[in-house]
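Here is a short briefing on one helix and one sheet. Look at the structure first, then work through the points.

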Amino acid sequence: MRVKAPAKINLYLDVLSKREDGYHNLDMVMLPLKLHDTIEIEKLLYGNDTYITCDHVDLQETKYNLITLTIAEMRKRYGIKDNFNVCIHKEIPISGGLGGGSSNSAAAIKALESLCNLKLDEKEEIDLALQLGADVPYCLKNMPAHVEGIGETVTPIKMKKPFYVILMKPSKGLSTKRVFEASDKKPLYHGNVNDVITALETGDDELLEKSMFNSLELTSIELVPEIQEIKDMLRKDGFKLVLMSGSGSTVFALTRDRKFAKHKVREYENKNYNVILTKTY
């Protein structure tokens, strides 16, 4: 079977505190994108191993790929004996704060539920997803949402109007673990999540411009200064809704103007960045 694994962006990411268990209490607003990876997965009738391949050169070593860990965890929990052939077709930039690994994991959960006739209720799915990553419960829902706690509370948002989205990723990516470790040594700054939610629900782009927030951004810019250069360029070119997604290093710009977005993307493709034009769901 073939499953889509959509990317996401964070319009709001607030690190509220670090917990004693090492996790972080987070307050986030996420939007799913039409940009997606495609996961092809099928049961193997013969053979005694599971095979996972990827068409992206940096992920050809799949030992620690989240899909590998997802299948292993589901084997342990649900006694799955089958082996699988999995092909990952990558479109989402890796190490970019766009949730590619988490979305792949969520897609694998859904695929194995279907292929192995598992009847998991919502609580079981969330417990499983949290074991694999803080963004995986959100990726199971795949809708505009307010995400709280360590990722377990996902509340849908009724977004009034979609956006065209320009994604720009520097050549250097960032690991989530590294960014959080560096951020934990700095003072915590907070935004106003309710304003972001209100702006999305009412289509108030002026309010959204004022309230978009990512408390990891300053730390990530210290590690990859190009993030700030991209933000400055996008704002200079007339984009007002500009922010780094997740732990970086991808920066996004939102606009309602498809023609303008396509024109600017053609310009940006001549620069040394990974540039993608997509759209929110």
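**Helix α1 and a four-stranded sheet**

Helix α1 covers residues 66-78, 13 residues in total. From first C-alpha to last it reaches 18 Å, close to the 18 Å expected at 1.5 Å a residue. That expected span is 1.5 Å times one less than the number of residues. This is a predicted model: local features need pLDDT of at least 70, side-chain atom pairs count only at pLDDT 80 or more, and totals for chains, interfaces and linings use all residues. Residues are numbered from 1 along each chain as its sequence is written, and side-chain values use heavy atoms, with hydrogens and water left out. Helices (H or I, at least four residues) and strands (E, at least two) are DSSP runs, numbered from the N terminus.

**Helix α1: its buried face**

- Leu-66, Ile-67, Thr-70, Ile-71, Glu-73 and Met-74 are buried in α1. Buried means under 20% relative accessible area, with a 1.4 Å probe and protein chains only.
- Seen down the axis of α1, the buried residues fall within an arc of 165 degrees, so they line one face of the helix. The arc is taken from the directions from the helix axis to the C-beta atoms.
- The cover over these buried residues includes β2 (24-44), β3 (51-54), β4 (83-89), α2 (100-115) and α3 (122-132).

**Helix α1: its two ends**

- At the start of α1, a side-chain oxygen of Asn-65 comes to within 2.7 Å of the backbone nitrogen of Ile-67.
- Just after α1, Gly-79 has a positive phi of about 65 degrees.

**The sheet: layout**

- Four strands form an open sheet in the order β9-β10-β7-β11, with antiparallel pairing. Two strands pair if DSSP finds at least two bridges between them.
- The edge strands are β9 (241-244) and β11 (274-279), and each pairs on one side only.
- Strands of a sheet pair through backbone hydrogen bonds, either parallel or antiparallel.

**The sheet: strand β7**

- β7 (residues 164-169) and β10 (residues 251-255) pair in the antiparallel sense over 5 bridges.
- In β10, Phe-252 is the bridge partner of Leu-167, and Thr-255 is that of Tyr-164.
- β7 and β11 run antiparallel, joined by 6 bridges. Here Leu-167 stands opposite Ile-276 in β11.
- 5 of the 6 residues of β7 are buried, so this strand is largely enclosed by the rest of the structure.

Key: Buried means under 20% relative accessible area, exposed over 50%, partly exposed in between (1.4 Å probe, protein chains only). Contact means heavy atoms within 4.5 Å. A polar contact is a pair of N or O atoms within 3.5 Å; within protein, one must be able to donate a hydrogen and the other to accept it, and residues adjacent in sequence count only if both atoms are side-chain atoms.
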